[in-house]
Every structure is written in C-alpha cells, then in structure tokens.
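These are my notebook entries on a structure that was new to me, written down in the order in which I looked things up.

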Amino acid sequence: MSNKKNQAFKHILTQLISDVIEKSGNKALNYKQVAAKLNLTDTESRNTILDILQEEARTGLLREVEKGKYALKELKAFVVGRVDMTADGSAFIVPEDEFEDDIYIAPRKLRQALHGDRVKVHTYEKRRGKRKEGEVVEILERARTEFTGTINISPRFAFLIADDRKMLNDIFVPLADLNGAQDGEKVVVTITEWPQDSKNPVGKVKHVLGKKGENDTEMNAILADFGFPLEFPHAVEQAASAFSQTISPDEIAKRRDFRSVTTFTIDPADAKDFDDAISFQQLPNGHYEIGVHIADVTHFVQPDSPLDKEAFERGTSVYLVDRVIPMLPERLSNDLCSLRPHEDRLVFSAIFEMDEQANVIQEWFGKGIIHSDRRFSYEEAQEILENKQGEFSQELLTLNKLAYILRDRKFKHGAISFETTEVKFNLDEHGKPLGVYVKERKDAHRLIEDFMLLANRRVAEFIGKQGKGNNKKTFVYRVHDVPKEESITAFAQFAARFGYKLNTKSDRETARSLNALMERVEGTKEQNVLTTLAIRSMAKAIYTTKKTSHYGLAFDYYTHFTSPIRRYPDVMVHRLLEHYLEGGKSVNAEAYEKLCEHSSQMEKKAADAERASVKYKQAEFLQDQVGETYLGIVSGVTEWGMYVEIEENKCEGMVRLRDITDDFYALDEKNYAIIGQRKKKRYQLGDEVQIRVKKVDLAKRQIDFTLIS
C-alpha cells in the first residue's frame, strides 16, 4: 500500500476505533476486542489497530487504563459550525450555538473542509490558557462547489487558481474537461470529486468567462464568485415569454380601476424596470387620495413555477457598477411588470386618504390596474420641485409637502438619518471608468422614499396588528434590532475625539443624538468615516417572521412591499397580503422563516458582489494614476496596515505598515489607531493624510498607497 493510502486508511481506522470505544460507554478495550467489534480478523489489520491504540495513547485521543486496555481521554465533544479560513491555511470554526467560543483548527486537521462549509468538529479539552482546538470529522454541507479563477494549462494537466483568497487549494482539471478554455483565461470550475489521498480537489470547467482584464469577463467573474447565475435557464425564459401582452376584460373586472387617475413614476434616468408608481387626486372633502401602486409580480409568478423557483434561488436583483442582473427575466422585469408610461399595467395598490397634516384618514389595499401618464427621472422631478412649474407641478409640490411632514414625524419618533455617499462612475463604451462622482440625494429621491416607507409600514401594521398571541398571522417583516450597547459605547467614545457628544442613556436618546451628529458632520472631512462607523455599530436588518420592529426607522411594524420585481421577500409579502385579504388562515411560520433566512443571505451576497464591482472599478480608475498624490482620510486600521479613502474620488486603498519607514507601527485596536513604538506618532481613523498611489492589482481588486510624511 502506498504511504498516502496507508495514512488515509489509518485516519479512517482511528475514527472507527474511537467510535467503537465511545459506543461501549468508554469501557477500556484491548486491540482484539476492538478488532472483533469492527469485524477485522486479519493479522495486518489487528496489528494496525494495536499501533493506533498505542500511538493515540501517547499523543492523541486515548489513555491506557491498564496494560493493553484503552479508553478515550474524554468523551467526544462535537460542535457544528461554519469554517472561517485564515491566510495561513488554518481555520476557526464559528459554532452555531452562539454561546460557544470559536474553535481553532490546524491546517492538517481541516480534512478537506473549505471556507464557509458547515462542518462537525471534535473538540479537545482546553489546556489552561490555551484556546479551544479541534478537528473536522465530517463535512455536513459545502458552502460552494463552484469557483472562478484563472486556468493554467500545461501539456499533461490543467489547474485553476481561484480568485477567492480564502480558497487556498488549486483545483486540478483534466484536459478532457476544459470545455474549450484557453490558457490564462478566466473560467468557472465545478468541483466534481476530492480523492481522499489528494491535497487538491478535481473539477471541470463549467463556463469560460473570457480574457482576463476585459470588463465583461471581470463583471461576470464577480457574479459567478458570489454564486449568482450568469443566465436564466431555458425553461424560465420560455415561461416568461409565454405570457400575453394584452390584459383580458375578465382580469380588469376583478380589479379596482385607477386608469383615469393622474399617475406617474419617478426613477433614475437609466432605470429600465419601474416597480412603483404614485397616483394623486384631491377629494371633494379637501383631502388627498394618494396611491402607491406596485407591479403585480405575483399575477405572473405563481408559487412553485419555474419562474418562482428561479426568483427564490436568486433572492434579489444584483446592481453592479455597469449592469443589473435581474431577479426575473427581462420579459417581466423590463416589460410586463414594469410600470411604463401610456400602457395599462396590473398593480397591487396601497391607497391612502390623507389630510393636510399627512395623517392617514383611511386606507385600502388590493389589486388594481393603472395607466401611467408620465415617466419622470429624478432630475426632471427635482427641476419641477425647484422651479415650482412644469408638468404635474401641483401634484409633485403637494406630495413633496406631505413627504416633508412624514419625514419630520419619523425623525421625531426616533428614526436615524444616515446620509451615506454613493459612488458612481462615468464609463466609456467598453466599461472603462473615465471619472468618479458622488451621487447626490435631493427632494425628488426622498419624496418617493417617504411614500414607499409609508406603504411598507402600513401594510406591516395592517397584518401585524390582527390577532393576539397564537392567533397572530404569520407575515414577512423587515426587522432592524436595537444596537448592542458595547457597539454604541465604542462609537460614542470615538465620535468624542472629533468633539461630538453622544447621549446613549436610552434607545430613543441614542437615535436623537445620532441624528444631531449626522447633521453636524454633513460636509466635513470626517463625515464618511463617522457615518460608516455609525452604520457598523448598528445591527444588520434582516427578513424574519419572528419580530416586527425597525429601530433605524423607528417603526413598530415594517416590511418590504414595494419592490417585487427585484426582491423575493416582497413577492412573499404580496402573496401573504392577498391571502389574508381573501380571509385565508395563517400560514406555516417555520416554512416562511426558512424562506426569510435564504432571502437575507442572498441580499448580503448581492451587497458583497456590488461592493466588489465598485472596488474593481476604483482599481481600474487608479491604474492610470500610479505615482499621483492625493489627500485622503484614514478610513480603517488593521494589524497590517491602514485604509485611506481619497477625498476627491472616494477610492480606497491601503498603506501597509511595513512601508511606513520612520518607525515601527502597531495597531491600537481600542482607539482605532496605529502608533509608532518609539516616537509615538499616531494615525487615527478620520485623520487627514497625503498619499501616493503605489501599486494597483486589478485581479485582486487591491490598491496600495504610500504615505507622504
């Protein structure tokens, strides 16, 4: 038997021996008893068992209770968790039980587990002062089996070097499984097997993405890397194409008809899918009837259909720098479900009768049909609001006045106003960035946002307030928890360094003083750093059936109702709302909670993919600026360097500690600073520094700066 095979056999046998002893109630057994229980009668196997028992008694799991008889040093403790790989090939297991500490796993004890995998771990007793250690005994669920990267082809074999820095194993690809890939191209490879005695998994090329460095190749690589499909399956495209363009009279008869009411959409100038429209009319009693009309996606996407399954898997549309990867095929997202002007469209509506003070007097939810009169871009609507004249100026000005009241009320109740800067790129026809600018949010954006918030909140209240205790109806909420006390305290201490005082006596006071802080920092050089840190100190918003409130918005009930073209949770909300409006019984909470968990995960993946595309474009933009000097703000500190964000274009790069030569610098984590050990010079989060662009690695989406002292 080869040495590798022998090692693999011994490893499996060690597992079986410990299982046998554990099943015997940890009764001490000799090698003959163990062999008998394993039905191994040949001399070689029995001798191997004896070797393992003696070796494990010296260094591993077992102790020799009496001569020749062995028991486990401790009964096995098993923990289930996710693998978090480190750069050196070791890993930490983050246990599913949040009260358990992370478990350190040495590289040789990972047993082919990869980053993000769900695994079962055998933990060892903690020696005094030592961290908890363990070894992987079973891979319960692979986080992923597809990887993007560069294919290297030699005469006898090929292998993939993955883009993912946490994938430390190259994937071996037989020449027969190259699928037309050429040496040095970017490809997607699926792992097909991982031989027990091999360091490297084996895979085959699933997609050829194209030449490295080309815009389409790199954007598709980002999508594939985060697990988003690059195309719709044929059956899904077919299902979308099968719908008729015309709406039948029977369908119209079932719905409330808003086609004669003034209705318009306000969206980005380059938008192709219009989820939402607003209708406006003044009532005889002087009140306003305002309709928030949302594309009726669930009319087309029926439960368990190919369209539904695909939308659920994707979870969300993904917005990269230069493209949108829609959740639904374009036939629906840009056509039948898009509320385009001068066309009849099916909607799910939330209709509010409001007085001059923006109080809701009456509300109605149900299916409708609209005919949008005008499609505004944000810029066009903003111009009308500023000049107070133009098409539908009265309607827009009244809506804006009501939106201001809704906004003020929201902040008085303790909502938090985070105005983050959104970076946009001017791209040429090949997707190359020519310039970077920060997108401005004005009244036209906020007007739409405030009416969408109103619809989301009132839909959530309408269902959430029905029934008490066990009679409550299962619903999908968008929930944002109160921040952890230690996170807010740490942020307050940091803000104090810039001269900003934060009152954290209660949740309401924290929200109020955060708002005051956000107002005061607007336009200052530290605005972005403080806003980013404040957002980081908040809990993350998720989808769930278990709670209803949203701390950041100060709403007791909140959901997502307004974007079913691009978010699967909104599809669920539409279905449940229709079900309950028709008198349906409460649905299974556990099943919906699982759907919510998946939606939250996909939302995070989409956000990570979007960030990766921004990082790529920032690196591409600065590639031509190597040697240029800029003014920047220290935006992050780590033990190996500090991140600096260029003030002028918001591109972020790293100054590595080893490149700062005037002293030896170390991280002061508590104070968000790095400090020179001899001269005590400090660089702190928010400090202004001058940097030079040193190096750009496009493949890794990394930008390196040097500090100009």
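**Entry 1: threonine 474.** I began with threonine 474, which I found in the loop between helix H12 (443–464) and strand S24 (477–479), keeping in mind that the model is a predicted one. Is threonine 474 buried or exposed? Its relative accessible area is 10%, and because buried means under 20%, I noted threonine 474 as buried. I then listed what it touches, leaving aside residues up to four places away in sequence, and wrote down Thr545, Leu576, Tyr580, Ser586, Val587, Asn588, Ala589 and Tyr592. For one of these, valine 587, I also looked up a distance: its backbone oxygen lies 2.9 Å from a polar atom of the threonine 474 side chain.

**Entry 2: lysine 465.** I stayed with the loop between H12 and S24, where lysine 465 also lies. Lysine 465 has a relative accessible area of 52%, and I noted it as exposed, because the cut-off for that word is over 50%. I also looked up how far its C-alpha atom is from that of lysine 412, which is 53 residues away along the chain, and found a separation of 23 Å.

**Entry 3: the barrel and helix H17.** Next I followed the strands that make a closed barrel, and I wrote their order as S26-S27-S28-S33-S32, 5 strands with mixed pairing. Ignoring direction, I found that neighbouring strands of this sheet are turned against each other by 50 degrees on average. Within the barrel I looked at strand S26 (residues 629–638) and strand S27 (residues 641–646), which are antiparallel and pair over 6 bridges. Which residue is the bridge partner of valine 634 in S27? I found that it is valine 644. Helix H17 (residues 589–622) packs on the sheet, where it touches S26, S27, strand S28 (652–656), strand S32 (688–697) and strand S33 (702–708), and I noted that the direction of H17 makes about 55 degrees with that of S33.

**Entry 4: arginine 701.** In the loop between S32 and S33 I came upon arginine 701, whose phi is near 55 degrees, a positive value in a residue other than glycine. I marked this down because most residues other than glycine have a negative phi. Arginine 701 is partly exposed, with a relative accessible area of 23%.

**Entry 5: alanine 358.** I then turned to alanine 358, which has a positive phi of about 65 degrees although it is not a glycine. Its place is in the loop between strand S19 (344–354) and strand S20 (360–371), and I noted that alanine 358 is buried, with a relative accessible area of 1%.

**Entry 6: an open sheet.** I looked up a sheet of 3 strands, in the order S29-S30-S31, and found it open, with antiparallel pairing. Why do strand S29 (665–668) and strand S31 (682–684) each have one side left without a neighbour in the sheet? I reasoned that each has a single partner strand, so S29 and S31 stand at the edges. The average turn between neighbouring strands here is 20 degrees, direction ignored. S29 pairs with strand S30 (residues 673–676) over 4 bridges in the antiparallel sense, and I noted that glycine 676 of S30 is the bridge partner of tyrosine 665.

**Entry 7: strand S8 and its partners.** For strand S8 (residues 146–153) I found 5 bridges to strand S11 (residues 186–193), to which it runs antiparallel, and in this pair threonine 150 stands opposite lysine 186. S8 is also joined by 5 bridges to strand S9 (residues 158–162), again antiparallel, with isoleucine 153 opposite alanine 158. I recorded S8 and S9 as a hairpin with 4 residues between them.

**Entry 8: two helix environments.** I looked up how helix H13 (residues 485–496) packs with helix H14 (residues 507–521), and noted an angle of about 35 degrees and axes 13 Å apart, in a left-handed crossing. Ile488, Phe491 and Ala495 of H13 meet Thr510, Leu514 and Leu517 of H14, a contact that I sorted into 5 nonpolar residues, 1 polar residue and no charged residues. Last came helix H8 (residues 306–314), whose buried residues are Leu307, Asp308, Glu310, Ala311, Phe312 and Arg314. Among the elements that cover them I wrote down helix H16 (568–581) and H17. After H8 comes glycine 315, which has a positive phi near 80 degrees.

Methods. Residues numbered from 1 in each chain as written. Predicted model: local features only at pLDDT ≥ 70, side-chain atom pairs only at ≥ 80, totals over all residues. Heavy atoms only, no water. Pairing = 2+ DSSP bridges. Axes fitted to C-alpha atoms, helices over the stretch in contact; angles between N-to-C directions. Contact = heavy atoms within 4.5 Å. Left-handed = near helix turned anticlockwise from the far one by under 90°. Nonpolar A, V, L, I, M, F, W, Y, C, P; charged D, E, K, R; others polar. Buried < 20%, exposed > 50% of the residue type's maximum accessible area, 1.4 Å probe, protein only. Polar contact = N/O pair within 3.5 Å; in protein donor to acceptor, adjacent residues only side chain to side chain.
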